[in-house]
Amino acid sequence: MREPDSIGVLISGPGEAELSVVLFRGGWADVDFVTGLDDAGTLPASGIDSAAAFGTRLDQWVSRVFGNRRAT
């Protein structure tokens, strides 16, 4: 049986907002985001050593990208 080296998720929100996370077996992730034309980049993502740690970080990333948005 083969085990994957990574898993990814793409979350889209209001307007142009997107969060892309690829979690790697080695304990790091590639995290990219876009919230608009003038706000895009990468977020720090290393030292992820458990599912709980990933969940905590994911909550932080989602808050960063989508937290200040209100439903219209």
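**Figure 1. Asp39 and its salt bridge to Arg64 in the predicted model**. Asp39 is partly exposed, with a relative accessibility of 23%. Its partner, Arg64, is partly exposed as well, at 36% relative accessibility. The two side chains meet in a salt bridge of 3.0 Å, N to O. This pair links distant parts of the chain: Arg64 sits in helix H1 (residues 51-66) and Asp39 in strand E4 (residues 39-42), 25 residues apart.

**Figure 2. The network of Glu3, Asp5 and Arg25**. Salt bridges with shared partners join Glu3, Asp5 and Arg25 into one network. Glu3 and Arg25 meet at 3.9 Å, N to O. Glu3 belongs to the segment before strand E1 (6-12), and Arg25 to the loop between strand E2 (18-24) and strand E3 (28-36). These two residues are 22 positions apart, so the bridge links distant parts of the chain. Glu3 is exposed, with a relative accessible area of 57%. Arg25 also forms a salt bridge with Asp5, where the closest N and O atoms are 3.3 Å apart. Asp5 lies in the segment before E1 and Arg25 in the loop between E2 and E3, so this pair ties together parts that are 20 residues apart in sequence. Asp5 is exposed, at 55% relative accessibility. A search of the whole structure finds three salt bridges.

**Figure 3. The stacked pair of Phe24 and Trp28**. The structure holds two aromatic pairs. In the pair shown here, Phe24 and Trp28 are stacked. Their ring centres lie 5.1 Å apart, with 15 degrees between the planes. Phe24 is partly exposed, with a relative accessible area of 22%. Trp28 is partly exposed too, at 40%.

**Figure 4. The edge-to-face pair of Phe54 and Trp61**. Phe54 and Trp61 pair edge-to-face. The distance is 6.2 Å centre to centre, and the planes make an angle of 65 degrees. Both residues are buried.

**Figure 5. The fold and surface behind the close-ups**. The protein has one helix and four strands. Their order along the sequence is β-β-β-β-α. The C-alpha trace spans about 45 × 20 × 20 Å along its principal axes. Of the 72 residues, 25% count as buried. The protein exposes about 5,200 Å², and carbon and sulfur atoms supply 53% of that area. There are 6 positive and 10 negative side chains, and the centres of the two sets lie 3 Å apart. Among contacts with a separation of 6 or more, 29% come from residues 24 or more positions apart.

Note on methods:
Residues are numbered from 1 along each chain as its sequence is written. This is a predicted model: local features need pLDDT of at least 70, side-chain atom pairs count only at pLDDT 80 or more; totals for chains, interfaces and linings use all residues. Side-chain values use heavy atoms; hydrogens and water are left out. Buried means under 20% relative accessible area, exposed over 50%, partly exposed in between (1.4 Å probe, protein chains only). Contact means heavy atoms within 4.5 Å. Accessible areas come from the Shrake-Rupley method with a 1.4 Å probe; for residues, only the protein chains shown count as cover. Lys and Arg count as positive and Asp and Glu as negative; His and the chain ends are not counted. The place of a charge is taken as NZ of Lys, CZ of Arg, CG of Asp or CD of Glu. Rings of Phe, Tyr and Trp (its six-membered ring) pair if their centres lie within 6.5 Å; planes under 30 degrees apart count as stacked, over 60 as edge-to-face and the rest as tilted. A salt bridge is a side-chain nitrogen of Lys or Arg within 4 Å of a carboxyl oxygen of Asp or Glu.
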